[in-house]
Amino acid sequence: MKQKRETQVCKKHVAKKAAAFTIALSILLSGTACGNNEDGNNTAADGDIAMAGDKAMAGDNTAAAENSAERESSQDKPDPYAASQASDDLKFLCSEDGNASCATQEGYYYISTESQKLQDGSLGYRLMYIDYASCQEICLCSAPGCSHDTKDCTAVLPYDEFHAHDSKLFLHQGSLYILNRQYDAEGSYSATLGAEGEVILGNVSSANPMPAALYRMNPDGTGRQKVFSFDPDLTLAGTLALDGQGLYAVSKKLSSEQTGTGEYTSSSEKTLVFLDLSSYSLSQIAPLEFGDSINWQLIGCVNGSFLLEGIDYGRRLTVEEQFGDDDDIYHELYKNSHTVFALLDPSSGSSREVYRMKNQETHSSALLNDTLYISFTDSKKILGVNVSTGEETLLSTHPQNYIVGTLGNMLCCQNLNTFTDPTYYFVDTDTGEIRHSDLVNKSLGWSLELVAETDSDVLVIYDYDAVSADGESYEIRLYQHGLISKEDLFSGKDNYRKIQMAGRGY
């Protein structure tokens, strides 16, 4: 399942003022490595896992120091941005959105975001697995009779050590990894009112109380070890990529600025970094700041290069222009800006613009193979842009064209307002054919939640056990998962293979 990406103007507006409603859709997985067919049977021996873990435990990072010394001794003038290059098997893992999850052709891993009380009185999250063959959800623990409520259980992630909502899961060469990270507050604007209505401003600390860390384990959850700790002065974005050698992430420093009645969090020193997953050595690949006043975000990978996206206002906006009380100021600036896409060459660290468009109508986009698909709600068009050549073609024209993800070679599209039409429209990127599925959530009539895909099936949340809280919102007690064939989904056939749930399912 390819990750949903909305236009940045929508994200900015939601961050600025509480929206009256939100689109009830969550695309959780990338269709490459986080939702891929990732070496499911290529498991390493337990001894190999232990040996690798011993090299770099709990922030010691001895192997990283040794490798760094070797690199410096072999070069007269070491270049910090020339330590590694992305290989041809570079894959996009996941974006900032979505929960901690990853999938193979055989099953789906995720961290439950609902905390559980443990026997010692503390709290913990659970590492869960949905097995497609048996249609069973289980806690990732094989100990007979385990109640999954102690820190000794392989499925338990202690609350004081893990951030379930912001962490990421991925598979690499037969091992399961958890990248534990804190919330990335870049671009947020907040103000807290005291009892007398006064504004109370906080501060973004230069050092995280719980630095980002990488954990490695066997696919069954056993043998979990912390193998790397990141610099506590840095924050990691939730956007990740992976190749045969290791993990790519974006690091940055956060700082807060007090302005008016609120506080704005910005970033600096944004850098693409690479963590070698055999030596656990960290290298800087390239800075993501090119002196163009554009806040670049990593959104995909194409032929060994990284696809970036940003908004070009022609200059850097002030905080007041972005988050001031007068919405019209920002919307006028946005309407006259451009969304820009660029390719970053990891070997040289240079970027090349591949496409730009005016932000005068609502648009959405998704990357599939080497083509960037962009939809425009006013003109109803979906364009395909070859990111290598910049060649532009018309794929289709239809009103329900807001792109929320991909399945195989299909674009998953919806009406921009899912309250009036919560169904899906699947656009074949080979032919332009549109297939409409009227399947919706059984209980509430909301959009299906598309969770993960295999070659032939899709894991979806097709029903809720929900209780009305106040007539306008619902308490969801169970997210009912099920498998459905892609053909049945595209055709709108209600033919789910129900997953027997062991927990709440989220």
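This passage describes strand pairing in two regions of a predicted model.

An open sheet is built from four strands. Their order is S20-S21-S22-S23, and the pairing is antiparallel. Strand S20 (297-302) and strand S23 (351-358) occupy the edges. Each has a single partner strand, so one side of each is left without a neighbour in the sheet. On average, neighbouring strands of this sheet are turned by 25° against each other, with direction ignored.

The pairing that involves the edge strand S23 can be followed by residue. Strand S22 (residues 338-344) runs antiparallel to S23, and seven bridges link the two. Within this pair, His338 of S22 lies opposite Lys358 in S23.

Further along the chain, strand S25 (residues 371-376) pairs with strand S26 (residues 381-386). The sense is antiparallel, and the pairing spans six bridges. Leu372 faces Val385 of S26 across this pairing. The two strands form a hairpin, with four residues between them. Lys380 sits in the turn and has a positive phi of about 70°.

S26 also pairs with strand S27 (residues 392-397). This pairing is again antiparallel, here over five bridges. Ile382 has Ser396 in S27 as its bridge partner. S26 and S27 likewise form a hairpin, with five residues between the strands. In this hairpin, Gly390 adopts a positive phi near 80°.

Strand S26 thus takes part in two hairpins, one with S25 and one with S27.

Terms used: Residues numbered from 1 in each chain as written. Predicted model: local features only at pLDDT ≥ 70, side-chain atom pairs only at ≥ 80, totals over all residues. Heavy atoms only, no water. Pairing = 2+ DSSP bridges. Axes fitted to C-alpha atoms, helices over the stretch in contact; angles between N-to-C directions.
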